[in-house]
Amino acid sequence: MNSSTLPFLILTITPVIVMLLIAAKRDHRLTASVTAAGLIAALASIFLVLPAGTITVTPLFLIDGYTLFFLFLILTSTLAVLLLSYHYLERMQDGPYEEYYLLLLLTALGAAALLASLHFAAFFLGLETLSIGLIGLIAYPRRRERALEAGLKYLILTGVSSSFLLFGMALIYLDYGTMSFAALGRLWDSSPASDIYAYAGFALLLTGIGFKLSLVPFHMWAPDIYEGAPAPVTALVAVVSKIAIFALLFRFFVLLGGYRSPSLLWVLSLVAIISMLAGNLLALLQDNLKRIFAYASISHVGYVLVALLAGSATALAAAFTYLAAYAVTMIGVFGVITLLSQPGPGHDADQLETYRGLMWERPWLAGAFTVMLLSLAGLPPTMGFIAEIYVIAAGVGRHLVLPLAALIIGSAIGLYYYLRIIVVMLSPAPRRVAPAPRARLGGATVAVLLVLLVWFGVFPAPMIAGVQQTVASLSFAPRTAPGSGDIFAPQRPAKAFADRESKARTSNMFNF
Amino acid sequence: MMLLWLILIPFLGGCLAWAFRGRHADASRWVSIAALSLDLPVLALATRAPSGAWLDRLNLPWIPQLGINFELGLDGLSLLLVLLTLLLGIVAVIISWSEITERTGFFHFNLMMSLTGTIAVFLALDLFLFFFAWEVMLVPMYFLIALWGHERRIYAAIKFFHFTQGSGLLMLVAILALAFVHQAKTGVFTFDYFALLGTPMSRATEFWIMLGFFIAFAVKLAAVPFHSWLPDAHTEAPTAGSVILAGVLLKTGAYGLLRFAVPLFPQAAMAFAPTAMLLGVIAIIYGALLAFGQADFKRLVAYSSVSHLGFVLLGIYAWNTLALQGVVVQMLAHGISTGALFILAGALQERLHTRNFAQLGGLWASLPRLSSWGLFFAIASLGLPGLGNFIGEFLVLLGTFQKHPVFAVVGAFGTVTAAAYALLLVQRAFHGTPRKVEVPDLRARHIAVMAGLAVAIIWLGITPQPVVDTAAPSLAALQASAATPGPGAK
């Protein structure tokens with residue numbers, strides 16, 4: 001066993017310690033502190049093992065810069081959610097609270113397993129661990145009807161999509177006789193055109209992943225679950241589970257050599273395009289903030305898919321940057337909702353009307369919310385602006401004309417509902433009846449997120465340097481011949497880009 | 001470093017203005033005026049050490065990994081436009097003294113941020129920084145319209161935002177495409193203006209990228225097929241917002257065409273020039289006709305802007321020395337005269353709570369000062385010789401005549417139609433059966449502003465030479481960079 005596994009070991013041991021602790025003594029503050037300490041220790045150990053390089057742990061897991069980058073993102077997100085949850089749970093006054101932290105750790109563990117997986121077995125293992133944690137968390141406020149409903153819905157849908165995934169994996173195994181991503185890629189290389197089983201297998205696999213990422217047309221569950229889940233858990237669903245599954249999808253796609261399959265690319269482009277358009281359009285119709293952000297997150301995953309489709313080194317760096325910005329912003333947004341919510345048997349502060357005049361009542365909170373909305377809309381001076389430009393740059397570098405058009409139209413539509421929330425907050429309003437009590441931990445978390453959002457929006461150089469370094473250290477390479485990188489060439493204005501071949505050659509820097 | 005301060009001072013002033021919210025309503029006004037006034041000597045200091053066409057330059061690393069620098073430059077053209085921005089900024093603060101009484105801190109914060117973004121747009125020489133500033137000036141203006149505007153403010157604000165943001169993203173794609181083409185040809189990924197000048201590329205590529213830039217700037221300039229946001233935004237905005245929109249923000253579109261769209265893509269721009277000039281002529285005539293048909297004071301002025309900016313578009317694509325000089329004078333004169341008319345519309349609205357001509361008329365007897373200033377600036381707007389607008393329009397038409405006589409001849413009709421709508425404005429708002437209204441006439445504050453603007457426009461009309469001389473080196477440099485295509489160009 002190599003020392004590179006240290007973050008994973010810490011992350012595995014912490015739930016056990018927490019479980020024993022709960023058995024010995026029920027204490028909310030103690031449990032939360034131990035959980036946070038475990039997460040911080042795991043985070044610190046990432047920097048310890050960073051110089052160790054790439055290590056394969058059994059045929060199932062790979063620990064490299066890619067894994068560690070996303071692990072860092074997921075652990076910080078989990079930590080932020082924990083800090084937001086503490087006072088929220090306290091105010092719910094309906095214990096026990098301790099198991100919440102156990103489920104939180106379980107979710108992080110499952111996500112971590114997904115990031116590192118190289119094999120269908122690890123993939124499924126991680127996914128189920130993640131889902132089981134989330135089901136418990138979504139339904140945690142057990143006196144809330146909506147939460148129970150959401151938990152049940154998530155249970156059923158996650159079960160269905162898992163069975164799709166399993167069936168897909170089985171069909172692919174039937175055809176190729178392997179479950180390892182890399183071996184699958186090599187076999188696919190030698191016999192790319194395969195029979196109906198493999199096609200059906202990939203289709204089912206993509207369906208399952210589409211469900212988990214809530215891409216259109218597999219998105220129907222997302223708004224209900226975002227609405228029903230307690231606000232901090234919604235952040236977890238939106239950020240941790242999506243980032244983990246996206247990271248897996250990107251790695252799987254690259255190792256498989258998906259860039260050589262026009263049909264796979266077409267399907268993914270199509271899904272990305274509809275997700276960007278439909279996500280933004282459906283968000284227009286909502287008056288519930290959590291539902292708006294559910295649809296917004298659908299469209300944001302569509303944006304990152306553009307980076308996946310581009311598949312260059314720039315694109316990978318763009319995806320890293322985008323997901324980092326997405327994590328900071330989404331947790332911030334749900335953090336603000338959490339801080340404003342009055343937990344109990346009712347619901348969170350998710351009605352748009354609740355926010356009327358917030359700027360004049362709690363200016364700092366509303367100001368932070370405004371900046372976060374600007375970031376989601378991709379406006380300066382925020383991380384979201386830099387990230388969106390990075391993704392567009394990746395797309396322009398590979399001439400992804402249609403996805404880029406969808407991205408631009410989508411974000412132009414998106415402006416409408418983000419600005420609507422801001423205008424509601426800025427309009428004058430009568431005083432609220434009972435403002436939610438302040439929560440110091442949560443407030444501090446939102447403040448830190450806000451500073452990060454603006455700091456990296458104005459001075460993104462250190463972040464981009466780190467991301468580019470990580471990308472340069474990666475050993476897994478996509479199976480594209482250099483020069484054939486032009487995967488989604490424009491059909492009509494081909495004349496316009498007469499010099500694209502030479503361009504594609506230079507922008508294809510992904511040949512490690 | 002002066003250039004950095006030029007941007008930082010209004011930014012910090014805006015933050016400070018917000019900090020003074022609540023009890024010290026007037027404090028935020030004074031802070032804003034102080035910050036903008038402080039910028040004037042800074043601007044003067046920045047012109048001390050000129051080198052070539054550039055009065056001052058600044059280059060700091062920003063995102064070196066992506067070839068992005070914090071690169072600013074001040075030449076004669078940007079000097080004039082920054083000066084216009086600062087002066088109209090001060091005017092905007094003064095004339096909203098009695099109009100804006102709610103949330104003054106946040107109002108001035110937004111006003112100052114919008115001005116900061118505009119100044120940065122006029123100074124940016126890195127295309128990424130330019131886009132950043134382009135976006136920064138947008139959001140505060142949205143708030144100004146949406147929060148302090150008139151009846152249909154939300155609709156107007158959202159329309160404004162969508163037009164400019166959608167076209168802005170198109171420009172972003174064009175900027176990135178240009179950077180990638182440059183990288184493919186030279187191996188260097190950069191957003192530096194000087195490096196990207198003369199990038200060799202095929203005809204078709206050049207055309208499409210140029211079009212991305214052109215559409216973004218044409219939307220901002222409210223050129224005819226993209227003009228429909230302008231009447232709504234200008235009409236619904238609070239007075240200060242209208243002044244800044246018409247006086248300064250529209251000029252960023254013209255500036256973008258002058259600085260980027262033509263010099264970066266000289267051949268495509270020349271091939272496209274007849275189309276652009278045609279759009280300019282259409283804007284002149286169509287804007288004037290629509291202005292003629294309006295029943296709302298502010299809408300009439302807004303459509304007259306469309307007409308005036310048609311001259312700017314016409315002159316830019318004529319691209320000879322005379323026409324470009326005309327463009328510069330026209331931009332300044334339009335900023336002053338249209339700004340003044342919007343201020344008067346705001347003053348009327350504040351007193352009579354209407355901008356509709358059906359409810360105005362016959363005001364000369366009761367409001368002699370307001371009405372006479374209205375006459376003066378309406379006359380300026382129609383291009384009376386001796387006032388700034390005349391010089392601008394005349395030079396543009398003269399320059400265009402050398403290139404495309406037909407466009408010049410048709411465009412010249414615009415001066416006739418301008419007389420029609422400007423006189424109609426005076427007749428319907430101020431003349432007619434005298435009517436007694438019990439409201440105060442213009443106060444000292446407004447009269448001082450009006451007098452200042454009047455002096456400026458008379459000065460521009462009688463001695464335009466200093467302005468022309470200031471802009472001449474930078475216009476010559478722009479023409480030179482457009483005339484020498486890169487070595488590998490076809």
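**Note on chain B: helix H15, its surroundings and the contact with chain A**

1. The buried residues of H15(B) are Leu370(B), Ser371(B), Trp373(B), Gly374(B), Phe376(B), Phe377(B), Ala378(B), Ala380(B), Ser381(B) and Leu382(B). The model is a predicted one.

2. H15(B) covers residues 368–382, which makes 15 residues. From first C-alpha to last, the helix reaches 21 Å, close to the 21 Å expected at 1.5 Å a residue. After the helix comes Gly383(B), with a positive phi near 90°.

3. Several helices of chain B help to cover the buried residues of H15(B), including H13 (297–318), H14 (321–352), H16 (388–403), H17 (405–429) and H18 (444–462).

4. Two of these covering helices, H16(B) and H17(B), also pack against each other, at an angle of about 160° and with their axes 7 Å apart. An angle over 145 degrees counts as roughly antiparallel, and H16(B) and H17(B) are therefore roughly antiparallel to each other. The crossing is left-handed.

5. Which residues of H16(B) meet H17(B)? They are Glu393(B), Leu397(B), Thr400(B) and Phe401(B). Their partners in H17(B) are Pro405(B), Phe407(B), Ala408(B), Gly411(B), Ala412(B) and Thr415(B). By class, the residues of this contact are 6 nonpolar, 3 polar and 1 charged.

6. The contact between the chains takes 34 residues from chain B and 32 residues from chain A. On the side of chain B, strand E1 (54–63) and helices H5 (127–136), H6 (138–148), H7 (153–186) and H9 (203–221) each supply at least two residues. H7(B) gives the most, with 16 residues. This side of chain B has 25 nonpolar, 8 polar and 1 charged residues.

Conventions: Residues numbered from 1 in each chain as written. Chains lettered and ligands numbered in written order. Predicted model: local features only at pLDDT ≥ 70, side-chain atom pairs only at ≥ 80, totals over all residues. Helix = DSSP H or I, 4+ residues; strand = E, 2+ residues; numbered from the N terminus. Expected span 1.5 Å × (residues − 1). Buried ≥ 20, exposed ≤ 12 C-beta atoms within 10 Å, placed from the backbone. Contact = placed C-beta atoms within 7 Å. Axes fitted to C-alpha atoms, helices over the stretch in contact; angles between N-to-C directions. Parallel < 35°, antiparallel > 145°, perpendicular 65-115°, else oblique. Left-handed = near helix turned anticlockwise from the far one by under 90°. Nonpolar A, V, L, I, M, F, W, Y, C, P; charged D, E, K, R; others polar.
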